[in-house]
Amino acid sequence: MGRLVVISNRTANLGKNTQIGGLAVGIVDALRKQGGLWAGWDGSVVDDAAAATTKIQTHGNVTTLTTALTSEEHEKYYLGFSNRVLWPAFHYRLDLMDYRMEFADSYSATNEKFAELIRGHLRDDDVIWVHDYHLIPMAAELRKRNCKNKIGFFLHIPFPSADIFSAVPRHEWLRYCLLQFDLIGFQTVNDVHNFHRYLKEHSDAAIISPEVVRVNDRTINIGHFPIGIDVQQFAKASARTDDTIELERMRRKVLQRFQVISADRLDYSKGLPHRMKAFRKFLEICPEYQGHADYLQIASPSREDVTAYSDIKAELEQLAGAVNGRFADFNWAPIQYINRNIPREKLAPLFRSSLVGLITPLRDGMNLVAKEYIAAQDDKDPGILILSKFAGAAEELSEALIVNPYDISEVAGALKTAVAMPLEERQLRHRKLLKRITDHDAQWWQRQYLQALQRGDQHPTANERV
Ligand code: GDG
């Protein structure tokens with residue numbers, strides 16, 4: 001078996017003592033098993049191309065190959081086409097799409113630059129796995145450079161409905177690029193349906209079966225591979241608590257208070273203002289919980305150079321202030337809003353000590369926090385997950401309280417149900433949820449995907465047009 005080559009926008013730090021979290025868990029696991037190369041942006045921005053150096057670092061059997069972006073690429077490829085066009089559109093926010101021709105040109109050119117760099121490091125028997133919306137043109141660029149390897153793509157964010165995708169500038173070109181991969185992996189069945197429907201309405205591709213599409217003489221495999229977490233690692237971290245968290249937990253117990261928790265990147269797709277409004281509604285309809293319910297919202301800073309992100313930050317600060325101003329007493333404030341990145345080892349015990357995990361994105365590819373919240377629970381006295389029906393995770397986690405995140409009253413009602421739920425029902429739901437995330441963990445995800453990629457019977461031809 002050849003090496004695994006992973007190409008993603010960012011790579012993780014593989015140095016000793018680094019805690020790997022989120023989506024990197026499955027990728028690192030696969031790379032270490034098979035040995036390989038991980039290529040991507042090193043996170044730095046330089047004034048011009050001449051200042052961008054390529055870094056090659058080896059950690060055991062895994063090598064990382066990284067380079068900088070120029071300030072123009074950062075502005076137009078990364079903040080521009082990736083995060084001001086594709087991200088909002090794929091999350092159904094066409095109103096936030098900020099399209100300029102130069103964004104798409106830079107997106108295409110930056111993918112070309114990465115492909116050129118990586119091509120020189122590829123071997124004939126490498127299997128290549130490309131991640132996410134920043135790199136849709138990667139296979140097309142590598143094919144142009146006569147790369148005949150198996151190349152798979154995994155989309156971490158939702159694939160939107162056909163109408164929405166067809167509103168994305170240059171969607172025909174993006175479709176052509178997608179169909180240069182051998183395997184296109186999505187998070188959910190719903191994403192696969194959306195992609196099929198788009199192909200049916202907007203292309204001549206022949207849909208042979210739910211898993212196979214033919215275009216000219218190419219066969220492209222399609223599948224859904226819900227991403228998972230390292231359940232054991234997270235469970236272990238959640239049981240390791242520190243003095244401050246423990247003290248706070250005991251204080252809450254004495255005061256008969258419970259905690260509702262949410263942790264997200266501060267992103268408009270996560271539905272944070274709707275969530276704060278739902279919590280406010282809950283305090284209105286259940287006044288008996290005023291003074292007894294703490295809502296902890298951790299919102300780690302994200303993409304602050306994009307206006308839509310600074311707008312939502314301001315809205316949240318205003319909303320948290322207004323709710324606290326209205327309900328707080330001398331010894332209690334309902335919302336604790338932390339706009340900072342919290343270390344991972346703190347996050348897990350906080351999940352464990354919270355009676356409710358309130359995870360209500362307006363749209364999400366999967367949502368790992370939902371799975372982390374389940375993994376962190378004490379099975380003798382587990383908390384309850386309230387989950388948006390628009391998170392990919394809702395396809396798997398049906399024993400959560402599933403809600404429409406836009407319906408403030410419904411979410412407030414779910415909070416009421418959650419805090420009153422008898423222990424036996426919480427335990428029953430938790431057992432089923434824990435089994436599901438354990439069966440479908442990060443290792444399962446990468447194995448399923450890579451087996452499907454290696455199985456595919458594909459003979460790519462460069463430069464075909466769809
Ligand atoms: C994309 C897709 C898909 C959050 N706050 C802190 C912190 N986090 C960690 C969580 C979790 C990760 O960040 C967030 O993962 P999500 O899945 O919730 O969301 P995205 O970042 O939008 O990820 C998503 C994912 O890719 C994987 O395919 O599920 O749908 O949008 O691990 O715990 N971690 C730390 N401090 C924080 O304050 N340390």
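## Helix α2 and the turn after it

Tyr-92 lies just after α2 and takes a positive phi of about 65°. The model is predicted, so these values describe a prediction. Helix α2 itself spans residues 71–90. With 20 residues, a straight helix would reach 28 Å at 1.5 Å a residue, but the end C-alpha atoms of α2 are only 25 Å apart. There is also a kink in α2. The kink is about 40° and is centred on Gly-80.

α2 is mostly covered. Of its 20 residues, 15 are buried.

## Overall build

The protein has 16 helices and 16 strands. Its radius of gyration is 23 Å, close to the 23 Å that the globule rule gives for 466 residues, so the protein is as compact as a globular protein of that length. Along the principal axes, the C-alpha atoms fill a box of roughly 70 × 50 × 45 Å.

Of the 466 residues, 45% count as buried. Contacts reach far along the chain. Among contacts with a separation of 6 or more, 78% are between residues 24 or more positions apart.

## Two domains and their contact

The protein is divided into two domains. Domain 1 takes in 4–228 + 444–456, and domain 2 covers 231–439. Their centres, taken over C-alpha atoms, are separated by 31 Å.

At the junction, 21 residues of domain 1 are in contact with 17 residues of domain 2. On the domain 1 side, the elements that give two or more residues are α2 and α7 (189–202). The largest share of that side comes from α2, with 3 residues. This is the helix with the kink centred on Gly-80.

## Parallel strands around β1 and β5

Strand β1 (residues 4–10) runs parallel to strand β2 (residues 36–46), joined by 5 bridges. Val-5 has Leu-37 of β2 as its bridge partner. β2 in turn runs parallel to strand β4 (residues 62–70), with 8 bridges between them. Here Leu-37 appears again, with Thr-63 of β4 as bridge partner.

β1 also pairs with β5 in the parallel sense, over 4 bridges. Ile-7 has Val-130 of β5 as its partner. β5 then pairs with strand β6 (residues 150–154), again in the parallel sense, over 5 bridges. In that pairing, Val-127 is matched with Lys-150 of β6.

How many residues of β5 are buried? The count is 5 of 5 for this strand, which spans residues 127–131. Val-127, Trp-129 and His-131 point one way, while Ile-128 and Val-130 point the other way. Both sets are buried.

## Strands β7, β9 and β10

Strand β10 (residues 218–224) pairs with strand β7 (residues 183–186) in the parallel sense, over 4 bridges. Ile-184 stands opposite Ile-222 in β10.

Strand β9 (residues 212–215) also pairs with β10, but in the antiparallel sense, over 4 bridges. Arg-214 stands opposite Thr-219 in β10. β9 and β10 form a hairpin with 2 residues between the strands. In this hairpin, Asn-216 takes a positive phi near 50°.

## Helix α12 and its cover

Helix α12 covers residues 344–352. Its buried residues are found towards the end of that range: Leu-347, Ala-348, Pro-349, Leu-350, Phe-351 and Arg-352.

What covers them includes both helices and strands. Among the helices are α8 (231–239), α9 (243–254) and α13 (368–376). The strands include β11 (258–265), β12 (293–300) and β14 (356–359).

## Ala-393, a loop residue

Ala-393 is found in the loop between β15 (384–388) and β16 (401–403). Is Ala-393 buried or exposed? Ala-393 has 28 other C-beta atoms within 10 Å, so it is buried, as 20 or more is the cut-off.

Which residues does Ala-393 contact, leaving aside neighbours within four places in sequence? They are Met-366, Asn-367, Ala-370, Lys-371 and Leu-387. Gly-291 is 102 residues from Ala-393 along the chain, and their C-alpha atoms are separated by 32 Å.

How values were computed. Residues numbered from 1 in each chain as written. Predicted model: local features only at pLDDT ≥ 70, side-chain atom pairs only at ≥ 80, totals over all residues. Expected span 1.5 Å × (residues − 1). Bend = angle between axes of the 7 residues up to and from the residue. Buried ≥ 20, exposed ≤ 12 C-beta atoms within 10 Å, placed from the backbone. Rg over C-alpha atoms; globule rule 2.2 N^0.38 Å. Contact = placed C-beta atoms within 7 Å. Pairing = 2+ DSSP bridges. Domains from an automatic or database assignment.
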